Amino acid sequence: MAGVLGTGQASASSRYHWLSGDHHTHTQYSYDGMYTIEQQIRGALRHGTDWLVITDHGHASHEAHSVEATAADIKRAQRKFPQLLLWHGMEWNVPGAEHATLFFEDCRDEAGVLRDFERQFDWRLNGQEASNPANEKKALDAIRWLQTKIRNGTMKSALVFVNHPMRNGRVAPYELRNMRDLAPDIVVGMEGAPGAQGDGDPLRGPGGHRGGYANSPGSNSYPAYPVEAYRSYGGFDWMTAKLGGVWDSLLAEGRGWWITSNSDSHFNSRDTIVRVPEPGNQFDLTGKHLDPLDIGPPQVLPPYVDFFPCEFSRTVVGATRRTRGAVMEGLRAGRAWVSHGGLVDNLEFSIYGIGGSATLGERLRVRRGSDVTVLVKARLATRPNSAGFVPRLRRLDLIKGLVTGPASSETLSTPHVKVERSYEPRWHYAVFTHTFRNIREPFYLRLRGTDGNRGAFEPQADTPGAANPWEDLWCYTNPIFVEVR
């Protein structure tokens, strides 16, 4: 390995600041939310959040009343909490599909642009929810609208992530491909794991389905998805968790398509902040719920059992600087890994060949017949998580998939994926290497890790009564691509 890495050479990932954050959170400006923006921020900071996007739902009352009020609250919060990188985004009801996160970089009249987008392209306002070609075209028109705003200088950039893609199965594989191909710098990925993980907790929640993944195919669902796709697996979406599944099929085409993990925070587990009684038409008339109060006792069976940002789920992004633009650039580049329950404190993943190196989301070009060496550095948890225990990473899997080129837009799987090697960390700081010799064809590599509590090698379907999120923890990285010339 020394011949490839060089004596004392730092890992490729050490070039970046690794910042934990969340791009999917709700406040009192969502019809189904509760927290003030400041309450959400204080909870996020308690759990080590570096960056945060407020994404309240598109809704007629939100468009009519909430956008400017949210903008004012966020501006006050940015002054009060300068240590947090904070955005005003939205959860977009995507025509012909379900939900996605949307947020901007350096946008002039951000509130006005968000309102215009919501008014024109949110299916709660324009009635274009049904899965049909006309509505799916409307979603692509929305992306083109964002491209126009970037070209004319209204904003520097925008990002869209598809949220909880298999909760209802309403975003088809061809929709993912079409949006990504139209705007690969805007539509860059999906939630690899949904929020609302506390819904599976039988001790602090209802003991149901993690992420609310309790649904069956409906009239707007993509018919080719199997019934098992509507469940989570170790808390992760079927698209991500199934080896050789939808995510791998996209990567096998050589597409940059990235995963994140988020809280989808509405009502947080064991929180003593509770919603106060209010008239039933409060939100409809004002676009805002009354400020909740910290009066305890802890909430009992709220509509959703979420966690504060970075309390359970976190997306760790490699940024060149501690700025909003640098975080967005890191997300756009796929320079991120995700973790549940504090399973690992830090995870570095890099590859090296003669003359170069690459880390998450990057591409390393090598000569045919040369070697590539993988370097993994994992710093295991040493402090209790918010459930009160120190989680243990029992296995890391190095997954290899072949890049086989373009496929049908309907493709759901690829057979050319396998676990190349597994590691069992034994100390708090673990270093692993692996060398691929005589490279002949392009491929990608990604990592996943587990606490091993479910006992099976592959993630198992979460079932009500046995889906305590704290008892089945996983982490995943985005891929690194190896190109052969």
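A contact here means heavy atoms within 4.5 Å. The structure is a predicted model, in which local features need pLDDT of at least 70 and side-chain atom pairs count only at pLDDT 80 or more, while totals for chains, interfaces and linings use all residues. Residues are numbered from 1 along each chain as its sequence is written, and side-chain values use heavy atoms, with hydrogens and water left out.

**Exercise 1. Describe the overall fold of the chain, beginning with its contacts.**

Step 1. Among contacts with a separation of 6 or more, 80% are between residues 24 or more positions apart.

Step 2. With helices (H or I, at least four residues) and strands (E, at least two) taken as DSSP runs numbered from the N terminus, the chain has 11 helices and 21 strands. The radius of gyration, taken over C-alpha atoms, is compared with a globule rule of 2.2 Å times the number of residues to the power 0.38; the chain's value of 22 Å is close to the 23 Å that this rule gives for 485 residues, so the chain is as compact as a globular protein of that length.

Step 3. If buried means under 20% relative accessible area, exposed over 50% and partly exposed in between (1.4 Å probe, protein chains only), then buried residues make up 62% of the 485 in the chain.

**Exercise 2. Place the salt bridge between Arg76 and Asp73 in its surroundings.**

Step 1. A salt bridge requires a side-chain nitrogen of Lys or Arg within 4 Å of a carboxyl oxygen of Asp or Glu; for Arg76 and Asp73 the N to O distance is 2.2 Å.

Step 2. The two residues stand 3 residues apart in helix α3 (residues 60-80), a separation of about one helical turn.

Step 3. Arg76 is partly exposed at 45% relative accessible area, whereas Asp73, at 16%, counts as buried.

**Exercise 3. Work out which parts of the chain are tied together by Asp462 and Arg210.**

Step 1. Their side chains meet in a salt bridge of 3.8 Å, N to O.

Step 2. Asp462 lies in the loop between β19 (443-450) and β20 (474-477), and Arg210 in the loop between β6 (187-193) and α8 (238-241), so the pair ties together parts that are 252 residues apart in sequence.

Step 3. Both residues are buried, Asp462 with a relative accessible area of 3% and Arg210 with 0%.
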